[in-house]
Amino acid sequence: MIFNSTFLFYSVHLATRHQNSQITNAKLQEACKRKYLSCIPPLNLVTSSKCRTHLSTTDSIISKQFQGQHGRAYLFETVVNVEEGPSEERHMTTGLHTVKDIHCSRCRSVLGWKYEKAYEQSQRYKEGKYILEKQLLTDVN
Ligand SMILES: [Zn+2]
């Protein structure tokens, strides 16, 4: 069977939705590498709701109990295809933190922030981790 790039592109999304086992992960990886800067295996994908760029996976979610600028936000272990803004100190409900806003490498929209440093000992687990605003992501349960 010949897979052209259009077919493969749609297959990525079909497989994400229906977990179509007939399409192998290798073919999907090959397909999305043509389209995105970094490629995430198709299952449990978290993408930007605006431009569909791959951002992370549901496996990478550390906590869903965060508050962003637009409501609920999630803390992620790893995020790809984002660029970091300058470091800023921010007073949050959990104390002072040094953070960097993160924006989508593709459409440039701000998606959340990365924790560089937490000054309270109890908040140190957030260092190096990322906040993504739920409203800006494709459906994550
Ligand atoms: Zn984007």
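**An antiparallel open sheet and its nonpolar core**

Strands β3 and β4 are joined by a hairpin of 2 residues, where strands (E, at least two residues) and helices (H or I, at least four residues) are DSSP runs numbered from the N terminus. The structure is a predicted model, in which local features need a pLDDT of at least 70 and side-chain atom pairs count only at pLDDT 80 or more, whereas totals for chains, interfaces and linings use all residues. Residues are numbered from 1 along each chain as its sequence is written.

The pLDDT, which is the predictor's confidence in each residue on a scale from 0 to 100, averages 80 over the protein chain, and 69% of the residues score at least 70. Over residues 1-23 the pLDDT is below 50, and this stretch has 24 contacts in the model beyond near neighbours in sequence; two residues are taken to be in contact if their C-beta atoms, placed from the backbone, lie within 7 Å. Where pLDDT is low, the predicted coordinates should not be read in detail.

The protein chain contains 2 helices and 8 strands, and its elements run α-α-β-β-β-β-β-β-β-β from the N terminus on. Of the contacts in the chain with a separation of 6 or more, 41% are accounted for by residues 24 or more positions apart.

An open sheet is formed by 6 strands in the order β3-β4-β8-β7-β6-β5, with antiparallel pairing, two strands being paired if DSSP finds at least two bridges between them. Its edge strands are β3 (61-68) and β5 (82-92), each of which pairs on one side only. Neighbouring strands of the sheet are turned by 30 degrees against each other on average, direction ignored, with axes given as lines fitted to C-alpha atoms and angles running from 0 to 180 degrees between N-to-C directions.

At the β3 edge, 5 bridges join β3 to the antiparallel strand β4 (residues 71-76), and glutamine 67 has arginine 72 in β4 as its bridge partner. Strand β4 in turn pairs with strand β8 (residues 130-133) in the antiparallel sense over 4 bridges, with leucine 75 standing opposite isoleucine 131 in β8. At the β5 edge, the antiparallel pairing of β5 with strand β6 (residues 95-104) extends over 9 bridges, and serine 87 stands opposite lysine 100 in β6.

Buried residues, defined as those with 20 or more other C-beta atoms within 10 Å of their own (exposed if 12 or fewer, partly exposed in between), make up 26% of the 141 residues in the protein chain. Valine 82, in strand β5, counts as buried because 24 C-beta neighbours lie inside 10 Å. Leaving aside neighbours within four places in sequence, valine 82 is in contact with Leu55, Ile102, His103, Cys104, Ser105 and Leu111. The C-alpha atoms of valine 82 and glycine 112, which are 30 residues apart along the chain, are separated by 9.9 Å.

The largest nonpolar core, a set of buried Ala, Val, Leu, Ile, Met, Phe, Trp, Tyr and Cys residues joined through C-beta atoms within 7 Å, has 17 residues, and those with the most contacts inside it are Val79, Ile102, Tyr130 and Leu132. At least two residues of this core are supplied by each of β1 (45-47), β4, β6, β7 (110-118) and β8, and β7 gives the most, with 4 residues. Apart from residues up to four places away in sequence, valine 79 touches Leu55, Ser56, Ile102, Tyr130 and Leu132. In soluble globular proteins, nonpolar side chains tend to be buried together.
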